[in-house]
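Biologist: Please bring the model up on the screen, and let us go through it piece by piece.

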Amino acid sequence: MNTEPIRLEGTAVDFGGSKIAAARFEHGRIISHRQVPTSASGDLDAQLAAVGDLLAELGYSGTQPLGVAVTGRLDSDGRWWAVNAQTLEAINGVPLAAKLIERFGRSTRALNDADAAALGEAVYGAGRGIGNVGFITVSTGVGGGFVLGGRLVTSSDGLTGHVGFMTTGGSDIPCGSGRVGTVEAVASGGAIGRAAVDVLGPGATARAVFEHWRDGKDWAVEIVQRSAAEIARLCVNLKTALGLDLVVVGGSVGLAAGYLDIVRDYVSVEPPLFRVNIKPAALGRDSPLFGALEHTMRESRDT
Ligand code: BMX
């Protein structure tokens with residue numbers, strides 16, 4: 001893969017666990033942006049209808065390149081699966097790639113949201129010019145993507161990069177993936193909210209926990225520290241496995257003010273050989289949008 005930036009022209013969608021964002025690019029820049037909440041229960045047709053509404057608001061014509069980043073895995077047949085079945089309850093092997101082309105035109109491509117963000121950051125963001133770049137999003141879930149030596153790492157089942165489903169900390173919290181004690185079950189925005197239910201009641205959110213954390217409430221400090229410790233351990237393990245020069249962190253939790261400082265504190269007590277450089281996503285919330293359109297434009301140029 002060539003990681004020289006190109007001039008992005010077209011439209012991109014970032015279909016996440018909590019929000020669907022869409023943006024129109026002109027001359028490499030976002031010129032308009034729209035966002036709606038995600039419905040966890042929608043089937044493929046309902047989810048595509050929501051995407052279609054956003055695209056209509058952006059004036060998408062069906063002829064320009066369209067890049068779609070989605071939470072969940074995409075296999076080599078273009079089928080879309082939620083790995084965490086609680087995030088998207090009705091997305092279980094549905095033919096996303098084919099339906100996108102049928103509905104939005106031939107120049108439409110899809111990929112996982114964290115893979116898209118990894119690509120976006122490697123080409124346009126914090127990872128520019130760096131050999132082995134990892135991206136971790138700490139948002140509704142915890143996802144990851146890797147651009148090693150300029151190549152996005154993929155696998156036919158689409159599971160590669162799903163680092164939120166690794167186990168590192170020895171917890172016994174169940175995860176919607178069917179595993180127990182995953183990083184996602186401890187560190188994600190969803191997990192942070194669930195950990196506060198006893199104090200804040202049902203419907204507790206990560207955002208509310210962070211507000212109490214800023215006020216110095218002990219219980220909130222404990223929850224946020226636990227998440228950051230888990231993400232730090234994950235970053236160190238990934239550097240050890242893959243030789244990462246940099247881990248870029250994004251997502252609403254990953255980019256919350258002060259969060260990465262705690263992650264870095266945990267990394268700094270590791271032996272020097274294992275410490276890894278950690279930076280926030282330079283493209284902020286837009287990394288998956290840049291990467292999704294980049295992916296589509298390169299694929300249509302190369303085929
Ligand atoms: C989950 C998984 C990943 C995704 C990551 C971040 C599902 C539905 N999603 O680990 O595919 O990359 O979350 O996504 O299994 P988000 O939903 O937090 O934006």
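**Working through the model**

Biologist: Let's start with Val249: which residues does it touch, not counting those up to four places away in sequence?

Modeller: Val249 touches Phe135, Ile136, Val138, Gly254, Leu255, Leu260, Ile278, Lys279, Pro280 and Ala281 once residues up to four places away are left out, where contact means heavy atoms within 4.5 Å. Before we go further, bear in mind that this is a predicted model, in which local features need pLDDT of at least 70 and side-chain atom pairs count only at pLDDT 80 or more, while totals for chains, interfaces and linings use all residues. Residues are numbered from 1 along each chain as its sequence is written, and side-chain values use heavy atoms, with hydrogens and water left out.

Biologist: Noted. Which element holds Val249, and is Val249 buried or exposed?

Modeller: Val249 belongs to strand S12, residues 246-250; helices (H or I, at least four residues) and strands (E, at least two) are DSSP runs, numbered from the N terminus. Val249 counts as buried because its relative accessible area is 0%, with buried meaning under 20%, exposed over 50% and partly exposed in between, using a 1.4 Å probe and protein chains only.

Biologist: And how far from Ser18 is Val249 in space?

Modeller: From C-alpha to C-alpha, Val249 and Ser18 are 18 Å apart, with their positions 231 residues apart in sequence.

Biologist: Switching to the overall layout, what domains is the protein divided into?

Modeller: Domain 1 covers 10-117 and domain 2 covers 127-282, with bounds that come from an automatic or database domain assignment. Their C-alpha centres lie 23 Å apart, and 16 residues of domain 1 are in contact with 18 residues of domain 2.

Biologist: Where does the ligand lie relative to those two?

Modeller: The ligand lies between domain 1 and domain 2, because both of them give residues to the shell around it.

Biologist: How many residues are in that shell, and what kinds are they?

Modeller: The ligand is surrounded by 19 residues, the closest being Gly72, Asp113, Ser139, His162 and Glu184; a residue belongs there if one of its heavy atoms lies within 4 Å of the ligand. By type, the shell divides into four nonpolar, 13 polar and two charged residues, where Ala, Val, Leu, Ile, Met, Phe, Trp, Tyr, Cys and Pro count as nonpolar, Asp, Glu, Lys and Arg as charged, and the others, Gly among them, as polar.

Biologist: Which polar atoms of Gly17, Thr71 and Gly72 lie by ligand oxygens?

Modeller: For Gly17 it is a polar backbone atom, 2.9 Å from an oxygen atom of the ligand, and for Thr71 a polar side-chain atom, at 2.8 Å from a ligand oxygen. Gly72 again offers a polar backbone atom, 2.7 Å from an oxygen atom of the ligand. On its own the ligand has 440 Å² of accessible area, of which the protein covers 97%, with areas taken from the Shrake-Rupley method with a 1.4 Å probe.

Biologist: Ser139 came up just now; what does the side chain of Thr137 do with Ser139?

Modeller: The two side chains make a polar contact at 2.9 Å, that is, a pair of N or O atoms within 3.5 Å, where within protein one must be able to donate a hydrogen and the other to accept it, and residues adjacent in sequence count only if both atoms are side-chain atoms. Thr137 sits in strand S9, residues 132-138, and is buried because its relative accessibility is 11%. Beyond its neighbours within four places in sequence, Thr137 is in contact with Ala114, Val142, Gly143, Gly250 and Gly251.

Biologist: What about the backbone of His27: what is its phi, and is that residue buried or exposed?

Modeller: Phi of His27 is near 50°, a positive value in a residue other than glycine. Most residues other than glycine have a negative phi. His27 lies in the loop between strand S2 (19-26) and strand S3 (29-37), and it counts as exposed because its relative accessibility is 52%.

Biologist: One last loop: where is Asp286, and which residues does it contact beyond its sequence neighbours?

Modeller: Asp286 is in the loop between strand S13 (278-280) and helix H10 (287-302). Its relative accessibility is 14%, so Asp286 counts as buried, and its contacts, leaving aside neighbours within four places in sequence, are Ile30 and His33.
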